[in-house]
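Thanks for making the time this morning. I would like to walk through one model with you, beginning with how far the predictor trusts it and then turning to a few local features.

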Amino acid sequence: MDPGDTPGAPARDHGVPARDHGAPGRERWLDAAAGPIVRPYAVTRGRTRPSGEPLDIVTILVATGRRPAEPGRLARPQRRMLALCRRPYALADLASDLDLPFGVIRVLAGDLLDSGLLDVQRWSAPAAVPSPGADAAAPPPATVPPHLDQNLLRRVLDELRAL
Amino acid sequence: MSSARSNSPEAPEAPADERLDGPRVALKILVAGGFGVGKTTLVGAVSEIRPLRTEEALTDVGSAVDDLDGVAAKTTTTVAMDFGRITLRDGVAVYLFGTPGQERFWFMWNELSRGALGAVVLADTRRLMASFASIDYFERKGTPFVVAVNCFEDADRYEPPEIRTALDIDPHVPVLLCDARRTGSAKEVLVSLVEHALRLAGGSGRRG
């Protein structure tokens, strides 16, 4: 870790004055001794929520392979996320492997999705076996989320039993 | 399905080992229960525990003031979770989250229970009260759950029917005894949960 090269540096421009009018000397966030300590949301430039729909903790992300227009604008963790996501990677795994709080990873991932560098890996249930008594009003199988997908749950069950 | 996603020149050959391919679909299971009831032990018995923390910004009103001034006024709270992954075949991954039980962490539960396969409520017969809050929570959310009583050596043994009565649990909710230290036992708990979730997914009277 190299404190001088913190990609979250913009926070420095905005973050310090916000508190400066308090008791001087008591609330100094940054000084020479602070070293690499960066408040968790500095790297997200203070945003604690992603721009779009919040991503689930087990959302699987995958790099689109597109090149960033301005690589220099990416925070270092974002570059590492892109590298890891050359293979599908769940958000929880990214947070754990990069040792960053989940909330931070979620905001950074949101940016990468917005800029088309990452994609959400969608789960589409494999062609469901049509059940004879299927209700005509039932939603098409492809829209079933994984946790309600009976075929998937059955597979999980079989494999857990066999572990 | 996007097929035009590899124009990266340094993209390595696709690895043959499908574990290296990463998950294609992920399912969440929550492990809830009071402090010291064995959540970490249970997660560790079936998967490798890895650290996961989240530093959540809490606002007084819960509204999103999403600028930096807002952040300065927010408190952040760190939540450390026990987190493990069971990797199954064909890119199916099951994620286990041992969640802190205190009410102040319930914002995290909301996050985790959305779209969850289900939850394991771990209980200790010496402190059954500690499981009430979790049970209430999952009942309200409609999250499938099982109650697993971790059998500590120095605790009195009760049979599942007695525990069901003491906790006032619906007859359809599985209640089982377990030893969270043993892989086989922890696995049985998960199997029972998935069976239960499957019944509910196939049943008629349940929404989302």
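What follows covers confidence, then a sheet in one chain, then a single residue in the other.

Please keep in mind throughout that this is a predicted model, for which the predictor gives the complex an ipTM of 0.80 and a pTM of 0.75. For chain B the mean pLDDT is 80, with 75% of the residues at 70 or more. Two stretches of chain B call for caution: over residues 60-73 the pLDDT stays under 50, although the model has 18 contacts there beyond four places in sequence, and over residues 203-208 it likewise stays under 50, with 4 such contacts in the model.

Turning to chain A, we find an open sheet of 3 strands, paired antiparallel in the order β2-β1-β3. Because β2 (89-90) and β3 (118-120) of chain A each have a single partner strand, they stand at the edges, and one side of each is left without a neighbour in the sheet. Strand β1 of chain A, which covers residues 60-63, pairs with β3(A) in the antiparallel sense over 3 bridges, and within that pairing L61(A) has V120(A) as its bridge partner.

Back in chain B, let me take Y137(B), which lies in helix α4, residues 129-141. Is Y137(B) buried or exposed? Y137(B) counts as buried because 21 other C-beta atoms lie within 10 Å, where the cut-off for that label is 20 or more. As for its distance from G202(B), the two residues are 65 apart in sequence and 22 Å apart in space, taken C-alpha to C-alpha.

Note on methods:
Residues numbered from 1 in each chain as written. Chains lettered and ligands numbered in written order. Predicted model: local features only at pLDDT ≥ 70, side-chain atom pairs only at ≥ 80, totals over all residues. pLDDT = per-residue confidence, 0-100. Contact = placed C-beta atoms within 7 Å. Helix = DSSP H or I, 4+ residues; strand = E, 2+ residues; numbered from the N terminus. Buried ≥ 20, exposed ≤ 12 C-beta atoms within 10 Å, placed from the backbone. Pairing = 2+ DSSP bridges.
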